[in-house]
Amino acid sequence: MSRKVKGRIFVGAMVFCLAVSFGTLGWLLVTTFIDGIPGLTGKLFTDPPSTQPEEAGARPAILATIYLAVLLLMMTVPIGVATAIYLEEYAHKERWYNRLLELNIQNLAAVPAIVYGILGLAFVVRGPLGIGRVLLAGAIILTLVVLPTLIISSREAIRAVPDSIRQGGLALGATQWQVIWRQVLPASIPGIATGSILALSRAVGETAPLLLIGALQYVAFDPTVLGAFTALPVQIYTWIKFPNPGFQTLAAAAIIVLLAIVLTMNAIAIFLRNRFRQTW
Amino acid sequence: MDEKLPKTHSRLNPDSPSIDSARIAEVAVGTTKRDIERRDKVFHVGDLSVAYNGKLALRGVSLDVYENTVTAFIGPSGCGKSTFIRCFNRMNDLILGATVDGEVAYHGKDLYARGVDPVEVRRRIGMVFQKPNPFPKSIYDNVAFGPRVLGQKKGLDELVEGSLRRAALWDEVKDRLKDGALGLSGGQQQRLCIARALATSPDVLLMDEPASALDPIATAAIEDLMHDLKREYTIVVVTHNMQQAARVADMTAFFSVEVHEDGKGRNGILVEYDATTKMFTQPSDKRTEDYVTGRFG
């Protein structure tokens with residue numbers, strides 16, 4: 001076989017692989033849209049769920065997902081960025097406890113979300129915190145799920161700021177904190193923001209840990225931070241289990257809403273990355 | 001804090017007495033070490049050694065740096081001249097495992113004494129790095145950074161203008177102070193870094209190979225600037241370029257590498273320190289002669 005033919009076979013194989021992933025995604029999107037468009041009515045956004053598919057909406061679930069996202073950002077970003085700053089700027093990299101910390105964060109990023117659900121059930125819902133099956137508990141658990149990813153991406157962003165900037169700041173008589181606050185953080189905000197939003201969009205789609213800690217499958221009232229709750233993925237899961245085809249349409253419509261939320265967040269992340277990209 | 005280090009008046013503050021420029025004569029060609037030694041000592045270094053993780057990098061250096069002079073450190077790579085200059089503003093503190101042994105006195109006060117805050121030291125002793133490192137902000141914000149971290153809010157406009165004028169950059173950037181500093185050319189960026197250092201009113205300017213990343217024209221601009229600035233500041237410059245040292249420096253220190261007897265370790269030492277003209281015309285050490293005549297290094 002000639003070298004050129006080998007090259008063509010290789011390119012062909014790559015195109016095939018690409019086609020498989022894009023084809024699957026496309027098929028999913030098309031079938032979801034065909035099934036879901038009839039369900040995308042005003043009712044979906046304004047009404048609570050019901051036993052009758054014609055009456056049912058996903059208002060509590062959509063609201064709860066938005067609440068979860070906001071709570072999540074409020075908890076993950078400060079903790080995640082502070083941890084990243086400590087590890088990158090202050091931690092003595094050869095001390096055993098810092099290396100242990102680093103290793104653990106990397107391992108935690110690979111732990112399946114349902115394991116965090118079990119942890120949350122034992123420590124947040126019951127056990128030491130014992131706040132019950134409330135929206136805040138869900139937010140705390142999703143925080144644990146995405147925190148390692150956020151820390152890792154924030155560290156990357158902080159590490160991308162060249163050392164010459166830190167040295168320049170320190171040489172002018174700035175304290176270490178002033179250099180971090182006025183130079184390092186502003187320069188790494190695009191990277192941190194991108195990482196935060198991508199982590200958030202992952203969390204918004206999480207179902208398993210929420211099911212495990214007992215997100216309700218039927219909620220007829222608007223959620224509160226310390227009240228029972230459901231979330232969009234949980235609502236979708238609930239509807240899909242019903243035999244009535246009307247609920248299948250509703251589930252597909254809710255998937256479209258969830259997709260729209262996640263894709264919007266990703267678009268914001270890409271926009272931020274391109275808008276504030278820093279070349280050194 | 002202020003008691004720990006001697007006061008120096010702010011040269012950019014219009015209220016403070018201005019330097020009587022007639023008092024400070026230009027160093028004439030042929031100036032001897034004795035002439036320069038009559039000036040005030042800004043730094044006194046006594047038996048200074050620096051080690052990284054226990055490995056000696058520089059051993060037993062003693063020399064004095066005099067006010068309103070340009071002092072150059074030359075020598076082959078690995079001789080510890082950059083390590084040495086970083087001892088003057090305690091930048092070596094930032095390197096993990098670096099230990100500094102010996103005395104570095106600034107106007108008679110030991111910079112490494114207990115209770116001396118390195119942050120305060122760095123405000124008094126400015127530094128310019130090998131590669132221009134402007135912050136990714138506007139030209140104005142770059143110069144205003146130093147005063148701002150010290151809490152100054154008023155009079156920044158005048159301070160920025162004054163600093164840029166001193167760094168011979170004002171005319172080139174006065175119409176675009178709000179533009180990003182990264183859009184300037186390499187030579188302009190380096191002069192911006194000098195302006196930025198001057199804005200904190202230091203009385204010493206340390207320059208670690210300030211022109212090695214620049215083209216010849218930009219290099220000449222930096223050298224001219226050093227000539228002007230030494231009227232008001234004391235300048236210490238590391239350079240690998242001997243012609244540069246000969247052009248700008250009043251005093252020159254030649255560093256070299258000494259190989260340990262076991263043949264494994266090596267560290268930098270100070271070979272000779274004298275008036276620049278003497279160093280380049282009749283050095284007293286054979287190693288200096290070999291280096292300046294190009295037989296070594």
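## Around Val237(B)

Let's start with one residue in chain B. Setting aside neighbours within four places in sequence, Val237(B) is in contact with Val70(B), Ala72(B), Met207(B), Pro210(B), Met226(B), Val248(B) and Ala249(B). Keep in mind that this is a predicted model.

Val237(B) also turns up in a wider setting: the largest nonpolar core has 154 residues, and Val237(B) and Ala254(A) are the ones that touch the most other members. As for who gives the most to this core, that's helix α6 of chain A (residues 135-159), with 15 residues. As a general backdrop, nonpolar side chains in soluble globular proteins tend to be buried together.

## Chain A, all helix

Chain A is easy to sum up in secondary-structure terms: 11 helices and 0 strands. Read from the N terminus, its elements simply go α-α-α-α-α-α-α-α-α-α-α.

Along the principal axes, the C-alpha atoms of chain A fill a box of roughly 70 × 70 × 35 Å. Of the 280 residues in chain A, 38% are buried. If you take the contacts in chain A between residues at least 6 apart in sequence, 75% of them join residues at least 24 apart.

## Strands in chain B

Over in chain B there are strands to look at. Strand β1 (residues 41-52) pairs with strand β2 (residues 55-66) in the antiparallel sense, over 8 bridges. One of the pairs to pick out is His44(B), whose bridge partner in β2(B) is Asp64(B). The two strands make a hairpin with 2 residues between them, and Asn53(B), in the turn, has a positive phi of about 50°.

β1(B) has another antiparallel partner in strand β4 of chain B (residues 98-106), again with 8 bridges. Here, Val45(B) stands opposite Val104(B) in β4(B). So what do the neighbouring residues His44(B) and Val45(B) show us? His44(B) is bridged to Asp64(B) in β2(B), while Val45(B) faces Val104(B) in β4(B). In general, side chains in a regular strand alternate between the two faces of the sheet.

## Where the chains meet

How many residues of each chain take part in the contact between B and A? The count is 20 residues of chain B against 14 residues of chain A. On the chain B side, α3 (118-124), β6 (125-128), α4 (139-149) and α7 (186-198) each supply at least two residues.

By class, that side of chain B has 11 nonpolar, 5 polar and 4 charged residues.

Terms used. Residues numbered from 1 in each chain as written. Chains lettered and ligands numbered in written order. Predicted model: local features only at pLDDT ≥ 70, side-chain atom pairs only at ≥ 80, totals over all residues. Core = buried A, V, L, I, M, F, W, Y, C linked by C-beta atoms within 7 Å. Buried ≥ 20, exposed ≤ 12 C-beta atoms within 10 Å, placed from the backbone. Helix = DSSP H or I, 4+ residues; strand = E, 2+ residues; numbered from the N terminus. Contact = placed C-beta atoms within 7 Å. Nonpolar A, V, L, I, M, F, W, Y, C, P; charged D, E, K, R; others polar. Pairing = 2+ DSSP bridges.
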